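Hi there,

Here is the structure I promised to pass on to you. Have a look at it first, and then read my notes below.

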Amino acid sequence: STQSTGKRPRLVIVGGGFTGCYVAKRVERFYDTILIDSKDYFEFTPSILRVLTEPNHWKAIQIPHSTYLDLKCATVLHDTADRFLSPHELQLASGRRVSFDKIVIATGSSYAQPIKEASSDRVFFASRGSTLASAHRELRRAKRALIIGGGIVGVELAAEIVEHFGESIDVTIAHSGLHLMSSGSVPKGASDYCLQRLKAMGVQVLLNERVTERSEDNHHFVTRSGARLQADVAFVCTGIVPNSALLASDPTMAACLDGRGFARVDDHLRLAGFEHVFVGGDVAAIREEKLAQTAEFHGDTIARNLLARGSQPVASYATTTRPMLVSLGRVDGAFVWGERWFGGLMPALLKEVVEFKVMVAYRWRAAAIFQTHPPHDDGSAVDELKAH
């Protein structure tokens, strides 16, 4: 059992993605901080698709938690939070029990399961670098690849495969929408641009076709209309579902989940009705594009409230239109900001710059990224926490 030291308030952070890692670094000096993550590293997820074609790229986009955290102040548990034993205690998959004063739930999301019995060595979910690295070998042997879902991830994945493997593999996107990236906030003009560029690269794009199952021979996938698509390897890039099983393990917290399983939060990103439970990232029920940058903004709001003087939160989160980058390989892409967009080389270069900036910040613990006190504050907001 892991008990609070009593010297500083105990903060548990569940999930080592953009929200969880950002909060851990910001508050580690002022809380007895425990980061619980199923992996032992932070991963720059916007760039994981390149790992599929360049397996060694994972070295550039993964940073061990021990690198950017001060282990004199924070503890990293390579484990999974299994369930709540009480509003202030967790049980981990290992059987370990962890008590806390406050908790941040940043468990993220997973891709929806569109295919019946999709577990296969030829069907991959494009969600983690390690998964895509293992898919590289299958892809090298494949002659036909199917991408299920034509959202941003599906579009970027198709471009990565074609750019790397060229005419040696036929790539097909099957998308249930009427145009690519139809479920998000990408304007039709940018969608059409990406469609034209993919077709010019030789990608076959099937719109208004939802893949529902795989045939018994593992080489054919069946759509809702009955069409059979032949593929040696398939990648699932469909809509997301929240990883909210931990919250669902507590009946009172489960009542705070909406119909799709996302966690309802107040303006300060606290779980509705729970002042000591913060929720950020994809699992939060906030109507906005689920992006790495929005998850990091959630982390900033949560960190500022955790560092606030007294018991009342000082920061509120408000949704806004944020810029997005859709890459079409290394030398093409689309920059989108609301209804404005442009395509070409510049968006592709901008994405490389963003990756470099974020990874350097984690690798060198850059103060400009991980502020030690809330913005526009003279530092007195943390005096009370220091007293603990």
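Let's begin with Arg-270, which counts as buried because its relative accessible area is 14%, and the cut-off for buried is under 20%. Please keep in mind that this is a predicted model. You will find Arg-270 in the loop between helix H9 (251-254) and strand S20 (277-279). Which residues does Arg-270 touch, once its neighbours within four places in sequence are left aside? They are Arg-264, Val-265, Glu-275, Val-277, Phe-278 and Pro-313. Try finding Ile-105 as well: Ile-105 and Arg-270 are 165 residues apart along the chain, yet 9.7 Å separates their C-alpha atoms.

Next, the charged pairs. Side chains of opposite charge can pair when their charged atoms come close. How many salt bridges does the structure hold? The count is 15, and here are some to look up:

- Glu-28 pairs with Lys-25, with 2.6 Å between the closest N and O atoms; both residues are buried.
- Asp-37 pairs with Lys-39, and here the closest N and O atoms are 3.0 Å apart. Both Asp-37 and Lys-39 are buried too.
- Glu-89 and Arg-97 meet through their side chains in a salt bridge, at 3.1 Å from N to O. Glu-89 is buried, since its relative accessible area is 14%, whereas Arg-97 is partly exposed because its value is 38%.

There is also a network of salt bridges, which links Arg-50, Glu-54, Glu-160, Arg-330 and Glu-352. You might enjoy tracing it on your screen.

Finally, turn to the surface. A nonpolar patch there covers about 610 Å². Its members are Val-331, Trp-341, Phe-342, Leu-345, Met-346, Leu-349 and Leu-350. Where do they come from? Strand S23 (340-343) and helix H11 (345-364) each give at least two residues to the patch, and H11 has the largest share, with four residues. One residue of H11 is Leu-350. Is Leu-350 buried or partly exposed? Leu-350 is partly exposed, because its relative accessible area is 31%, which lies between the limits of 20% for buried and 50% for exposed. A patch residue needs over 30%, so Leu-350, at 31%, meets that cut-off.

Happy exploring, and write back with any questions!

Best wishes

Key: Residues numbered from 1 in each chain as written. Predicted model: local features only at pLDDT ≥ 70, side-chain atom pairs only at ≥ 80, totals over all residues. Heavy atoms only, no water. Patch = residues over 30% accessible without salt bridge, like charges linked within 9 Å, V, L, I, M, F, W, Y side chains within 5 Å. Areas by Shrake-Rupley, 256 points an atom, 1.4 Å probe, with all protein chains shown as cover. Salt bridge = Lys/Arg side-chain N within 4 Å of Asp/Glu carboxyl O. Buried < 20%, exposed > 50% of the residue type's maximum accessible area, 1.4 Å probe, protein only. Contact = heavy atoms within 4.5 Å.
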